[in-house]
Amino acid sequence: MAVSTDRLVVIGGDAAGLSAAAQARRLRPAEDLEIVVLEQGPEISYSACGIPYWIGGQVPDRDALLARTPAQFEADDITVHTHVRAEEIDLSAGEVRASDGRRFGYDDLMVATGGRPFRPRVPGLDAEGVFGVHRLADGADIRAAIAAGARRAVVLGGGYIGLEMAEVLQARGLSVTVVLADPLPMAQLDRDMAERVCKAMGDIGIDVQPEQPVREIETGADGVVRAVRTDAGSYDADLVVLGLGMGPETELAREAGLQIGVTGGIDVAHTQRSRSHPEVFAAGDCAQTFHRITGEAAHVALGTHANKQGRVAGSVIGRRPARFAGVLGTAATKVGDLEIARTGLCTTQAEEAGFDHRSETIEATTRAGYYPGAEAIAVKLITERGSGLLIGAQLVGGPGSAKRIDVLATAIWAGMTAEELAGSDLSYAPPFSPTYDPVAVAARVSSRIETG
Ligand SMILES: Cc1cc2nc3c(=O)[nH]c(=O)nc-3n(C[C@H](O)[C@H](O)[C@H](O)COP(=O)(O)OP(=O)(O)OC[C@H]3O[C@@H](n4cnc5c(N)ncnc54)[C@H](O)[C@@H]3O)c2cc1C
């Protein structure tokens, strides 16, 4: 008796889509599940996160940003079609229409179309010399512009992509202006912590222009970018980089009739199944998720979530129960030698979520004060008043600061109080921390306020 093979079609060949494909394959052999991946671009399995560092030259080789090739997936019986765009999903027929005219029927469909960079609606945005930082081709274009002699860069936006681009362009010898609509960079931080970031940017020679929404990208007679104009001034530019954040790419899903959530991402349950069409899964930047502390819908475009959510979808498709456990928005970045990290709720988010909260900021050093290389670090903890429960944390400091956020994210994840964290067995040796790690000091100060 012939046994029929199911087919999983995956739209999008990067973090979320390929994590799902790989996990489904681990759990179901090719005789049971055929897996087909459609990717509109020329490559798959690339690290967008590494693009700034390829532009900056810290990563000299573009191919180092490619984790796996289509041939490696083929060896696992996962068929990858590059340069093939999914043009339409027919949910009633269970079929995807592709740009090469083929139709791919599916039993399970994985939508992993990623994010879409925010583009302000201003004149000149499509001019030559204006670049996004999304795909490897963008990195190649920016590198080419620098090689062709670009000397002045304007970065629009001060989120982590804006900061990373400002840093690497400056390291490549360009003069860099960061134009912000907000009063400070890093809107994910509280004001006092973002001020430290802003100051550090100025200290290394990055010109920060706050509270100036861009009005126009000015071009020369040749149509090439010349300057960025705001209400307060005009900033000369040979190249302009868009670093204004990422929304979900859901055009295909919307047109098909998949339910879209309040954040604009595809509405999925904890299993990553579409709430409107259970045979469809979505994960990564195109999908809505939920905040672990508030339980509210969230859209946080990070590779760390895309990989995990894709794996959850792949497990469920592979018939192993799995659930995504939510996000805290844990993220880290750097500008110059300053490391920046955050997790959980900032004070504005805590207020919006209705938490009676308090916050404490301590200053310490990254290593024992007498040990070479000890640098300043500030740690801010946000706790629930009364219970002392940790609900948010932010760090800004010298080398060695950022990854300390993982201790705090783990403590929040585990539902620990500041007092419990203060009493935890954290390591100490002079090259790595003072006797009490700054994280422990911050926890102790926060818990003293609760417990006296
Ligand atoms: C410059 C930069 C730096 C970053 N740094 C970090 C970091 O340090 N840490 C972190 O956690 N995250 C970081 N991120 C975010 C991270 O890269 C993304 O969250 C992650 O790539 C999302 O994975 P994804 O699979 O959901 O989407 P994507 O990686 O965007 O992949 C989606 C894929 O789907 C394809 N696609 C879309 N529509 C179709 C269609 N109709 N048919 C066929 N194919 C289609 C696209 O071509 C794309 O290849 C960074 C992002 C950028 C841009």
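This briefing describes the surroundings of a bound ligand and several individual residues in a predicted model. The ligand has 33 residues around it, and the protein covers 92% of the 1,000 Å² of accessible area that the ligand has on its own. Helix H1, which contributes to the shell around the ligand, is largely enclosed by the rest of the structure, because 10 of its 13 residues are buried.

**Polar atoms facing the ligand**

- Of the 33 residues around the ligand, those that come nearest are Asp14, Ala16, Glu39, Tyr46 and Asp285.
- The side chain of Glu39 places an N or O atom 2.6 Å from an oxygen atom of the ligand.
- At Gly303, a polar backbone atom is 2.9 Å from a nitrogen atom of the ligand.
- At Thr304, a backbone N or O atom lies 3.3 Å from an oxygen atom of the ligand.
- With the protein in place, 92% of the ligand's own accessible area of 1,000 Å² is covered.

**Composition of the shell**

- Helix H1 (15-27), helix H5 (160-171) and helix H8 (303-317) are the elements that give two or more residues to the shell around the ligand.
- Of the elements, H8 gives the most to this shell, with 3 residues.
- Sorted by class, the shell holds 19 nonpolar, 9 polar and 5 charged residues.
- Domain 1 (6-41 + 82-116 + 247-317) and domain 2 (130-244) each supply at least three residues to the shell.

**Helix H1**

- H1 consists of 13 residues and reaches 18 Å from its first C-alpha to its last, close to the 18 Å expected at 1.5 Å a residue.
- Why is H1 described as largely enclosed by the rest of the structure? The reason is that 10 of the 13 residues of H1 are buried.
- The buried residues of H1 are Ala16, Gly17, Leu18, Ser19, Ala20, Ala21, Ala22, Gln23, Ala24 and Arg25.
- Ala16, one of these buried residues, is also among the residues that come nearest to the ligand.

**Thr289 and Gly94**

- Thr289 belongs to strand E19 (residues 289-290).
- The relative accessible area of Thr289 is 9%, so this residue is buried, the cut-off being under 20%.
- The side chains of Thr289 and Gln309 are joined by a polar contact of 3.5 Å.
- Gly94 is found in the loop between strand E4 (86-90) and strand E5 (95-98).
- Gly94 is likewise buried, with a relative accessible area of 11%.
- From C-alpha to C-alpha, Gly94 and Gly50 are 36 Å apart in space, and they are 44 residues apart in sequence.

**Residues with positive phi**

- Most residues other than glycine have a negative phi.
- Asp77 is not a glycine, yet has a positive phi of about 60°.
- The position of Asp77 is in the loop between helix H3 (70-75) and strand E3 (78-81).
- Asp77 has a relative accessible area of 46% and is therefore partly exposed, as this value falls between the cut-offs of 20% and 50%.
- Gln272, which is not a glycine, has a positive phi of about 70°.
- The loop between helix H7 (251-256) and strand E18 (280-282) contains Gln272.
- Is Gln272 buried or exposed? At 2% relative accessibility, Gln272 counts as buried.

Technical notes:
Residues are numbered from 1 along each chain as its sequence is written. This is a predicted model: local features need pLDDT of at least 70, side-chain atom pairs count only at pLDDT 80 or more; totals for chains, interfaces and linings use all residues. Side-chain values use heavy atoms; hydrogens and water are left out. A residue is near a molecule or strand if one of its heavy atoms lies within 4 Å of it. A polar contact is a pair of N or O atoms within 3.5 Å; within protein, one must be able to donate a hydrogen and the other to accept it, and residues adjacent in sequence count only if both atoms are side-chain atoms. Accessible areas come from the Shrake-Rupley method with a 1.4 Å probe; for residues, only the protein chains shown count as cover. Helices (H or I, at least four residues) and strands (E, at least two) are DSSP runs, numbered from the N terminus. Ala, Val, Leu, Ile, Met, Phe, Trp, Tyr, Cys and Pro count as nonpolar, Asp, Glu, Lys and Arg as charged, and the others, Gly among them, as polar. Domain bounds come from an automatic or database domain assignment. The expected span of a helix is 1.5 Å times one less than its number of residues. Buried means under 20% relative accessible area, exposed over 50%, partly exposed in between (1.4 Å probe, protein chains only).
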